[in-house]
Structures are given as structure tokens and as C-alpha cells.
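Here are a few notes to read alongside the model. Have a look at the picture first, then take the points one by one.

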Amino acid sequence: MLTARRKSDGQTVHAYDESKRNGPFACLICGDPVILKAGRNRQNHFAHENPIACKFAEGETDEHRRCKLEIYEALRKTPGVTKVALERPLGEVRPDVSAYIRGVPVAIEVQLSSLSVETIMRRTIDYFRKGIYVLWLLQWTPKLDRPRYTPRIWERWIHAAYFGHVYYWIEELTVVSYHFEASFQTVPKRSWYGSGGGYSRRSKQHRRAVRGRTFNLATDFGPRRREWWEGNGVKVPDACLFMERNSGQQGIGS
Ligand SMILES: [Zn+2]
């Protein structure tokens, strides 16, 4: 976590500009004691003394913290963006970064591989009920540009929810869109006996990740509502999404 409550004055403070001598600190969600972890080689953050007790104490990588902080700081410098907050508690959800972008309430969630599809779906439903437009972001990896890519289950879910788009974070407010297409594997012809082979088969787990446009999420994205949808073993609830504007309806599915 990047935020905590400072016990001496009750203020919400950020790990990156706070110092250990101002402690003790408490978790904003459960109120349990948290410790400021500061080091030269990693992002400052708060950690629970007893991590088992709090559901928001889930493991978080340094990469994830850096990403949240970059988005937060870049949004604060962007005109037309107000009420930017890190990890603001909103009942059952606590978006990594939240803000009003040109008046639209937006929650930005940077996906961790430890989250299940059920969790992502539950949070998406929560945001929908609150009228908050959610943007699920993933961290970009060079694996995407290889001929075959193996999306994780929740990555395929995001693809289905966002009308065939997944947004990968590059830096600050820059994200790149990818679309998954079927990947075909050639089954070699068995020339020396009988029939079979010599055709292409659609791979169940692999996709071709097609790189799309690069966007600034604050200036190029807008609110979009979508209706419940089910197909190819994927269920998408009614949702308020924050995504590229004027994108086509193509590419639904997983
Ligand atoms: Zn806690």
C-alpha cells in the first residue's frame, strides 16, 4: 500500500514523502498497525505488521507500486483532472488510482496476476453500481509482440469486457491497446501413411496479440457503458468502462 493514516494527527499520508519518525501509522481499511518500508532500491510503501488480518494486505510488487504512483503523479499534472487519489477506500473497493477526468468518475485498477476472474468481476459490478467508470490496466510485456501469446484467463476476460481490447501500461499515462486473434498451428502432413495432417488447427490457449494504437488515458479515453454479455465461456456483467472513444464494436469474444 502507498497510503496510511498517521496516528499523531489522523492525516492520510503517502509512503513516498513520509518518514518513519512520524509514525506510528495505521491501515486505512482495517485500522491495524502498518510499518513504513523505505529503501534505496525499492518504492517506499506501508506493510501490515500482521498481514493475515487484512484483506487489503495482499502481496504487491514493486513494479505495481511504481506504476500506481506514476499514474497518480501524471494525473495530478493533467488539466481537467480533479480529486486524484491513491487507494481511496470506496466501500468494498479501493481503486489503485481514482479521479474525475473531465467530470467523469474513474477508477484505475492495475491488475495483479493474483486476482481471480471472480474478483475482477465483483469489483467491476461494484463500480457499475457506484456509477464509476473502471479501467483495468495490465503491465506491458515484450511477450505480447511474439508470434504467439498465451493470455491468462482474466486477461481474456478483460478482452471480452472491453469489446476486444486490452490496455497495457507503458509509462505515466501512456497505454497501448492489443487485440487477440486466433492463433493457428500447422499440423504436419503425415506423408508416409494414411490421411491426416497438413492442415491448420486453432489453438485453444494461444492467441496472436495484435498491437493497436497508443493512447494517453486521460485525454484519449472516455466513459462507455456496456450491457451484460455471455459467450465462449465468458460472462461479462453490465459495466461502466473507461476506454478509448469511438472504438468499433468488433472483436467481441475471447
Ligand atoms: Zn489493513
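1. Let's begin with the chain as a whole. Of its 254 residues, 49% are buried. Please keep in mind that this is a predicted model.

2. Now for the overall build. The chain has three helices and 16 strands. Along the principal axes, its C-alpha atoms fill a box of roughly 80 × 40 × 30 Å.

3. How much of the contact count comes from residues 24 or more positions apart? Among contacts with a separation of 6 or more, such pairs account for 56%.

4. Next, the inside. The largest nonpolar core contains 61 residues, and I71 and L75 have the most contacts within it. Try selecting I71 in your viewer: leaving aside residues up to four places away in sequence, I71 touches V97, I108, V110, L137, W169, E172 and L173. There is also a second, separate core of 10 residues, with A4, V13, C27 and C54 among them.

5. Helix α3 deserves a visit too. This helix covers residues 153–161, and seven of its nine residues are buried, so the rest of the structure largely encloses it. The buried ones are W154, E155, W157, I158, H159, A160 and A161. After α3 comes F163, which has a positive phi, near 55°.

6. Finally, the outside. The accessible surface of the chain is about 13200 Å², and carbon and sulfur atoms make up 48% of that. As for charges, the chain carries 41 positive and 27 negative ones, and the mean positions of the two groups lie 5 Å apart.

Methods: Residues numbered from 1 in each chain as written. Predicted model: local features only at pLDDT ≥ 70, side-chain atom pairs only at ≥ 80, totals over all residues. Heavy atoms only, no water. Core = buried A, V, L, I, M, F, W, Y, C linked by side-chain atoms within 4.5 Å. Buried < 20%, exposed > 50% of the residue type's maximum accessible area, 1.4 Å probe, protein only. Contact = heavy atoms within 4.5 Å. Helix = DSSP H or I, 4+ residues; strand = E, 2+ residues; numbered from the N terminus. Areas by Shrake-Rupley, 256 points an atom, 1.4 Å probe, with all protein chains shown as cover. Lys, Arg positive; Asp, Glu negative; His and termini not counted. Charge placed at Lys NZ, Arg CZ, Asp CG, Glu CD.
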